[in-house]
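Welcome! Please take a moment to look over the sequence and the model shown here, and then we can walk through them together.

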Amino acid sequence: MSRSGADLALLLLGSYRRLVDTVVEELAARGHPDVRPAHDFAMRAVAAGADSASELGRRLAVSKQAAAKTIAVLLERGYLEREPDPHDARRKRLTVTARGWDVMHQGEAIFDELRADWARRLGADELARLEQHLAAIAGDRAVQVGEPGWASQALD
């Protein structure tokens with residue numbers, strides 16, 4: 001049976017969605033019912049140095065207003081905090097809280113559990129081949145959401 005290019009795209013998207021949706025559901029069960037994938041991207045960008053709405057917007061390729069809205073949610077939920085800037089007393093900078101690091105680490109662990117499940121279902125060798133094929137197509141370098149322009153780099 002021959003599949004179309006659209007079928008391939010839908011299979012990849014469906015696989016991605018299943019992974020992400022499962023992680024979100026499991027994080028909710030573990031005490032983080034309010035975290036979404038975009039929150040993880042934002043926290044990782046903050047951890048990598050995006051310490052203002054302007055910088056976060058640049059790194060995530062969203063408007064400053066969208067970044068500010070995400071920041072407000074993450075501050076309210078205790079995943080980020082504002083601290084005095086040690087180099088400029090007039091400025092406050094964003095940092096990831098212990099709660100933020102906890103949810104990111106839990107998310108990583110859940111992804112590892114899901115990968116192990118795929119290895120059981122497909123076989124470790126077959127999963128390794130799948131990952132090699134995906135890396136050959138997408139590039140060996142994983143998307144780094146903390147880097148400026150990561151969205152456009154992912155499309156290169």
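What pattern does the protein follow when read along the sequence? The pattern is α-α-α-α-β-β-α-α-α.

## Getting oriented

Before going further, please keep in mind that this is a predicted model. The protein has 7 helices and 2 strands. It is made up of 156 residues, of which 27% count as buried.

How do parts of the sequence meet one another? Taking the contacts with a separation of 6 or more, 49% are between residues 24 or more positions apart.

## Where α1 meets α5

Let us begin with helix α1, which covers residues 5–29, and helix α5, which covers residues 98–122. Their axes lie 10 Å apart, and the two helices pack at an angle of about 130 degrees. Angles from 115 to 145 degrees count as oblique, and α1 and α5 are therefore oblique to each other. The crossing in which α1 passes α5 is right-handed.

Which residues of α1 meet α5? They are Ser15, Leu19, Val20, Thr22, Val23, Glu26 and Leu27, and their partners in α5 are Val103, Gln106, Gly107, Ile110, Phe111, Leu114 and Trp118. Sorted by character, the residues of this contact of α1 with α5 comprise 9 nonpolar, 4 polar and 1 charged.

## Where α2 meets α5

Helix α5 also has a contact with helix α2, which spans residues 37–47. Here the axes come within 11 Å and cross at roughly 120 degrees. This crossing of α2 and α5 is left-handed.

On the α2 side, the contact is made by Asp40, Met43, Arg44 and Ala47, while α5 contributes Gly100, Trp101, Val103, Met104 and Glu108. The contact of α2 with α5 divides into 5 nonpolar, 1 polar and 3 charged residues. Val103 is worth finding in the view, since this residue of α5 is listed in the contact with α1 and in the contact with α2.

## Asp51 and its partners

Moving along the chain, you will find Asp51 in the loop between α2 and α3. Which side chain does the side chain of Asp51 join in a polar contact of 2.9 Å? That partner is Arg91. Leaving aside neighbours within four places in sequence, Asp51 is in contact with Arg91, Lys92, Arg93 and Leu94.

## The covered helix α3

Helix α3 takes in residues 53–60. Is α3 mostly covered or mostly uncovered? It is mostly covered, with 6 of its 8 residues buried. Those buried residues are Ala53, Glu55, Leu56, Gly57, Arg59 and Leu60. After α3 comes Ala61, which has a positive phi, near 60 degrees.

Notes
Residues are numbered from 1 along each chain as its sequence is written. This is a predicted model: local features need pLDDT of at least 70, side-chain atom pairs count only at pLDDT 80 or more; totals for chains, interfaces and linings use all residues. Side-chain values use heavy atoms; hydrogens and water are left out. Axes are lines fitted to C-alpha atoms, for helices over the stretch in contact, and angles run from 0 to 180 degrees between N-to-C directions. Helices (H or I, at least four residues) and strands (E, at least two) are DSSP runs, numbered from the N terminus. Angles under 35 degrees count as roughly parallel, over 145 as roughly antiparallel, 65 to 115 as roughly perpendicular and the rest as oblique. A crossing is left-handed if the near helix is turned anticlockwise from the far one by less than a right angle, and right-handed if clockwise. Contact means heavy atoms within 4.5 Å. Ala, Val, Leu, Ile, Met, Phe, Trp, Tyr, Cys and Pro count as nonpolar, Asp, Glu, Lys and Arg as charged, and the others, Gly among them, as polar. A polar contact is a pair of N or O atoms within 3.5 Å; within protein, one must be able to donate a hydrogen and the other to accept it, and residues adjacent in sequence count only if both atoms are side-chain atoms. Buried means under 20% relative accessible area, exposed over 50%, partly exposed in between (1.4 Å probe, protein chains only).
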